[in-house]
Amino acid sequence: MSIKTWLMPVISQHLLSRQRLLARRAGAERTRLRQALPHEVHYFHQVDDPYSALVAQCLQRLTKQYAIALTHHVVGSPPDSAAPERDKLIAYSRRDAAMLAHRYGLDFTDPQQQPSAEAVAQATHRLVAAVAAGRFAEDAVAVSQRLWSADMALDDGALSSPEATAAHIAESNALRQRWGHYLGATFYYGGEWYWGIDRLYHLEQRLRELGALRGQASRYLFAPGVDLNSPVQITVPPPIHFFVSLRSPYSAIVTPRVFELGRLTGATVHIRYVLPMVMRGLPVPAEKRRYIAHDAAREAFARGIPFGRLNDPIGHPTERGIALIPLAQQRGCAEAYLRSFMHGVWAEGIDAGSDRGLRKIAERAGLEWSAVQPALQDESWRSIAETNREEMFSLGLWGVPSFRVDDVAVWGQDRLWAVQAEILKGQP
């Protein structure tokens with residue numbers, strides 16, 4: 001075992017612990033009180049981003065419900081290194097935003113194309129001017145709606161100059177990067193990032209604990225989906241195709257939830273393993289890795305899933321782990337094996353690259369070591385992984401975890417509610 005492999009679980013357990021997060025939050029609050037500052041929340045808006053169009057619709061509701069000072073920044077698109085498969089990302093973002101809008105009663109319809117460059121430039125000048133005038137929250141909704149409906153009048157409202165717009169975006173991009181993020185539709189408060197309406201409940205919870213809630217409102221603006229907790233009788237439940245990477249923390253924290261959904265509904269879960277992005281030649285910049293790790297830890301805590309003592313299985317450990325999935329499928333213990341691997345690597349810090357570590361993962365799932373050793377020499381899994389990747393791409397998806405149920409295909413551990421809704425469709 002290398003020193004890095006030995007130290008990684010110890011260091012990650014500290015860095016991703018709930019205790020450390022709470023301590024950092026407490027430190028930020030002490031600094032705020034000492035300096036007599038308001039609860040200042042920074043919002044970063046990307047003009048041509050569908051998720052930003054959704055967030056724009058909740059800004060005034062957020063300031064009405066919480067005693068915060070909201071500072072607005074208009075930013076550009078994420079860099080190429082943070083947005084692999086950009087065309088797929090853009091197309092999926094529109095589709096996903098439309099689904100979110102329907103779920104939460106917001107206004108967004110996928111126009112099947114991006115706004116024109118001229119309209120985006122017009123909207124950007126308009127919104128930068130609104131920031132300067134202190135009217136961003138008021139103007140952003142109307143500007144976004146007109147942008148996405150192709151109704152951006154060229155003489156609509158005050159516009160900032162090209163020089164002022166460029167300066168504002170450059171400064172906002174630099175601030176976003178310095179604080180450690182890369183996307184639009186993001187909030188930053190007291191050292192912590194919250195992406196889109198999906199993570200707003202974490203910010204709301206934090207503000208409530210700090211006494212920033214106005215009045216007695218009890219509901220979160222956008223509460224996360226609630227997992228099914230009791231069996232449902234479905235005559236012919238559709239199967240769940242679960243596109244998963246052993247190196248994905250989001251895949252790790254959703255794995256037990258997917259199989260529990262299958263158990264409660266009778267839906268078969270088909271494990272569709274793929275190689276991780278970085279092992280497919282797609283870069284993952286440092287700020288993206290950091291945010292994903294901390295966000296996964298936060299989401300895991302909210303769902304009661306152990307996570308954080310990790311031993312990154314990049315490379316050989318992931319290949320060894322995937323090689324045993326076909327064996328586990330043949331033996332009827334694929335669920336137990338995937339659960340064991342994910343929990344072992346992402347919550348126990350087991351080194352899946354070592355025989356000792358992989359043996360523990362395999363044997364507690366019901367695989368005898370004598371069968372594991374020859375399975376590790378069989379590389380037929382590579383063609384299966386590639387077939388799975390090709391199908392995932394054909395669905396307009398490129399990242400994991402992703403899911404397909406009948407004609408519904410979604411990406412992200414925070415979209416399991418959509419999988420659940422499709423399975424339960426038509427149930428009383």
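This report walks through a few features of a predicted model, from its surface to its charged pairs.

## A greasy patch at the start

Let's begin at the surface. I3, W6, L7, V10, I11 and L15 together make a nonpolar patch of about 580 Å². One of these residues, V10, sits in helix α1, which covers residues 3–15. V10 has a relative accessibility of 42%, so it counts as partly exposed.

## Two helices that cross

Next up is a pair of packed helices. Two packed helices are described by the angle between their axes and the distance between the axes. Here, helix α2 (residues 18–34) packs against helix α11 (residues 286–303) at an angle of about 105°, and their axes are 11 Å apart. Because of that angle, α2 is roughly perpendicular to α11.

Which residues meet where these helices pack? On the α2 side you'll find R18, R20, R24 and R25, and they meet H294, R298 and F301 of α11. Keep R25 and R298 in mind, since both turn up again in a network of salt bridges.

## Backbone oddities

Most residues other than glycine have a negative phi, and most peptide bonds are trans. With that as background, a few spots are worth a look. The peptide bond running from V400 to P401 is cis, with omega near -5°. P401 belongs to the loop between α17 (381–394) and β7 (402–405).

After β7, in the loop that leads to β8 (408–411), comes D406. Its phi is positive, near 55°, and D406 isn't a glycine. D406 is partly exposed, because its relative accessibility is 40%. Q112 also has a positive phi without being glycine, with a value near 70°. You'll find Q112 in the loop between α5 (86–104) and α6 (117–132). Is Q112 buried or exposed? At 60% relative accessibility, Q112 counts as exposed.

## Salt bridges, one by one

Side chains of opposite charge can pair when their charged atoms come close. How many salt bridges does the structure hold? The count is 32. Take R263 and E260, whose side chains meet in a salt bridge at 2.6 Å, N to O. Both are in helix α10 (residues 249–265), and they are three residues apart, so about one helical turn separates them. R263 is exposed, with a relative accessible area of 56%, while E260 is partly exposed at 29%.

Other pairs reach further along the chain. The side chains of R382 and E319 form a salt bridge at 3.2 Å, N to O. R382 is in helix α17 and E319 is in helix α12 (residues 316–323), so this pair ties together parts that are 63 residues apart in sequence. R382 is partly exposed, with a relative accessible area of 32%, and E319 is partly exposed too, at 23%.

Then there's R331 with E368, a salt bridge at 2.5 Å, N to O. This one links distant parts of the chain, 37 residues apart: R331 is in the loop between α13 (325–330) and α14 (334–347), and E368 is in the loop between α15 (355–363) and α16 (369–375). R331 is partly exposed, with a relative accessible area of 42%. E368 counts as partly exposed as well, at 33% relative accessibility.

## A charged network

Finally, some charged residues join up beyond simple pairs. A network of salt bridges links R25, D96, E192, D198, R199, R206, D295, R298, E299, D414 and R415. R25 and R298 are the residues to recognise here: R25 is in α2 and R298 is in α11, among the residues that meet where those helices pack.

Methods:
Residues numbered from 1 in each chain as written. Predicted model: local features only at pLDDT ≥ 70, side-chain atom pairs only at ≥ 80, totals over all residues. Heavy atoms only, no water. Patch = residues over 30% accessible without salt bridge, like charges linked within 9 Å, V, L, I, M, F, W, Y side chains within 5 Å. Areas by Shrake-Rupley, 256 points an atom, 1.4 Å probe, with all protein chains shown as cover. Salt bridge = Lys/Arg side-chain N within 4 Å of Asp/Glu carboxyl O. Helix = DSSP H or I, 4+ residues; strand = E, 2+ residues; numbered from the N terminus. Buried < 20%, exposed > 50% of the residue type's maximum accessible area, 1.4 Å probe, protein only. Axes fitted to C-alpha atoms, helices over the stretch in contact; angles between N-to-C directions. Parallel < 35°, antiparallel > 145°, perpendicular 65-115°, else oblique. Contact = heavy atoms within 4.5 Å.
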